[in-house]
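Reader: I am a first-year student and would be grateful for a close look at a single part of this structure. Please take one charged or buried site as the starting point and explain what surrounds it.

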Amino acid sequence: MSRNPGEKETKSDVVLRLGACNFDLNRKELRNAAGELIPLRAQSGEVLAVLGNSANEVLGKDKLIGQVWRGKFATDDSLVQCIADIRRALGKAGHGIVETFPKKGYRLNVVSLNMDDADVSARPTIAVLPFVNLSGDSDQEYFADGMTEDVITGLSQFRSLFVISRNSTFNYKGKSPDVRQVAQDLSVRYILEGSVRRADKRVRITGQLVDAASGNHLWAEKFDRELESIFTIQDEITDKIVALIAPEIDYLERQRARRSPPENLDIWGLYQRGLEMHQSAMGDKCKLVIEQFDKVCELDPTFALGFAMAASARVRFALLFEPDDRGELLVQALEKSRRAITLDARNSTCFWAHGRVLTMMGNFDAAITSIEAAIALNPNDSLAHYYLAIALGSVGRLEEAIAKIDDALCLNPLDVAGGGFQTYKSFVLFDLERYDEAVECAQMAIREPYPLSIPFEVLAAALARLGRLKEARAALGDLLEHTPGSSLSSLDGRPWIGRPKTKGRFLDALREAGLV
């Protein structure tokens, strides 16, 4: 767009949250939590601004020097002095916020805030404190430290969390800090503490998730194992902690959003409320979920997760219910899922959301590729395993589909999404003609908080195939009570999530049970 001579482009003020401090990227002003200006040399402010413009990315020393000094003579030492100046100004958290990558450069770990949207807040932040070695043997410190680093790495794969670098948290090693002080120092919402005790050929590892504001324990678990291979045990327990902690934080965030008055919700809160609605919405209420995520996208056009879930919400509505504009919904979903990947190509949610859309549109090979990319980005994302199972089942790779659902259930056994896992597993087991197992899975899915109609259908169909017609008719009665108006024609017109040749057998079984 052309401008008149002399007309200045106006920029919205952007603030970078740096621990307990804020840095105004345009004014190059660093302030503490009380809003007081923190003295910073002009050259250091320039370095911080350049790092800020490439926030959360490693910036090479040569590129940094080139952008700050712009052809003027400068040495590596000049840059090192500026980095030290910035870290001193940031306080205890400085080394974690401005992270050094030997022989590569520096990375500024931040969360961006637009001052035009004053209520925008950071995604949930967590610090993993060094696990305490309770073995009484100083030689076992490496094991405790390795557990800590593995958990930090695992949690970092969940892009919905902001995980404080080990360089910051290891400052507390050997100390017994008050978690509320740690929270203030690092500006985090959650603290994960842990301990390791080894005795002979046994190891016990504990983990506790703490609400940083109150100091209350939100989750705790201990793991007792035989000590045969240190690295195998580290991998197993790390995966277990990561799989339990990340959904727990997601749940707590949704509860926090639900308790907040709508007028006070920030973008993250709106997103979390959308997630909570997404789990239970039925029929036309799915439109409210779509509107919620669309509002998030409108308020922050750079928030990749908002676009991913706006796509996923459309697929849920199009798949499970009877919208008048199913084709248009899928076109919109495809566009939004592509936008999500463009905004964040390192986010597993964006890739499985895209794959979910492609599955619904019948482009199964591309769907499998996209969702496998999601798992490569985050092997602990249970939903990625689940949606891969659906794509695999749709092309007849049924045993692989079962294995992926079992992976999802192992990673996330307590989340309400588990009802969906058991639902699809029952459907695949029906396809495999393993009707007894299909009945068992369908019954488990029906007991979940927000069951869909599908497990009721599978239960009736599988019982009919087993010749248990009295039970099949009772299951059919439960289906009609749960979803009034269910009929063979309505099921026939619904998008199919399995092999085409199975559809006739499924409908015939429901006809045997008495569905008309």
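Author: A suitable place to begin is Cys441, which is buried, with a relative accessible area of 5%. The model in view is a predicted one. Another cysteine, Cys82, is buried as well, with a relative accessible area of 2%. A disulfide is a covalent bond between the sulfur atoms of two cysteines. In this model the count of disulfides comes to zero.

From Cys441 one may turn to the salt bridges, of which the model has 26. Side chains of opposite charge can pair when their charged atoms come close. One of these pairs joins Arg434 to Glu399, with the closest N and O atoms 3.4 Å apart. Arg434 lies in the loop between helix H17 (418-431) and helix H18 (435-446), whereas Glu399 belongs to helix H16 (residues 398-411), so the pair ties together parts that are 35 residues apart in sequence. Arg434 is partly exposed, and its relative accessible area is 27%.

A second pair is formed by Arg499 and Asp431, whose closest N and O atoms are 2.7 Å apart. This pair also links distant parts of the chain: Arg499 is in the loop between helix H21 (488-493) and helix H22 (500-513), Asp431 is in helix H17, and the two are 68 residues apart. Arg499 is buried, with a relative accessible area of 19%; the cut-off for buried is under 20%. Asp431 counts as buried too, at 3% relative accessibility.

A third pair lies within one helix. Arg511 forms a salt bridge with Asp508, and the closest N and O atoms are 2.6 Å apart. Because Arg511 and Asp508 are three residues apart in helix H22, about one helical turn separates them. Arg511 is partly exposed, with a relative accessible area of 46%, and Asp508 is likewise partly exposed, at 37%.

Charged residues may also be linked in a group, as Arg41, Asp85 and Arg88 are in a network of salt bridges. Arg87, in helix H3 (residues 76-90), presents another case. Arg87 is buried yet has no salt bridge, and the nearest side chain of opposite charge, that of Glu99, is 8.2 Å away. Apart from residues up to four places away in sequence, Arg87 touches Gly94, His95, Val98, Glu99, Thr100 and Tyr106.

Contacts across the sequence can also be followed from an uncharged residue. Ala389 lies in helix H15 (residues 382-394) and counts as buried, at 0% relative accessibility. Leaving aside neighbours within four places in sequence, Ala389 is in contact with Ala401, Lys404, Ile405 and Tyr424. Ala389 and Tyr424 are 35 residues apart along the chain, and their C-alpha atoms are separated by 8.5 Å.

Finally, a whole helix may be examined. The 14 residues of helix H10 (residues 286-299) should span 20 Å at 1.5 Å a residue, and the end C-alpha atoms are indeed 20 Å apart, which agrees. In H10 the buried residues include Cys286, Val289, Ile290, Gln292, Phe293, Val296 and Cys297. These residues cover an arc of only 160° around the axis, which puts them on the same side of H10. Among the elements that cover the buried residues of H10 are helix H9 (267-280), helix H11 (304-320) and helix H12 (326-343).

Note on methods: Residues are numbered from 1 along each chain as its sequence is written. This is a predicted model: local features need pLDDT of at least 70, side-chain atom pairs count only at pLDDT 80 or more; totals for chains, interfaces and linings use all residues. Side-chain values use heavy atoms; hydrogens and water are left out. Helices (H or I, at least four residues) and strands (E, at least two) are DSSP runs, numbered from the N terminus. The expected span of a helix is 1.5 Å times one less than its number of residues. Buried means under 20% relative accessible area, exposed over 50%, partly exposed in between (1.4 Å probe, protein chains only). The arc is that of the directions from the helix axis to the C-beta atoms. Contact means heavy atoms within 4.5 Å. A disulfide is a pair of cysteine sulfur atoms within 2.5 Å. Lys and Arg count as positive and Asp and Glu as negative; His and the chain ends are not counted. A salt bridge is a side-chain nitrogen of Lys or Arg within 4 Å of a carboxyl oxygen of Asp or Glu.
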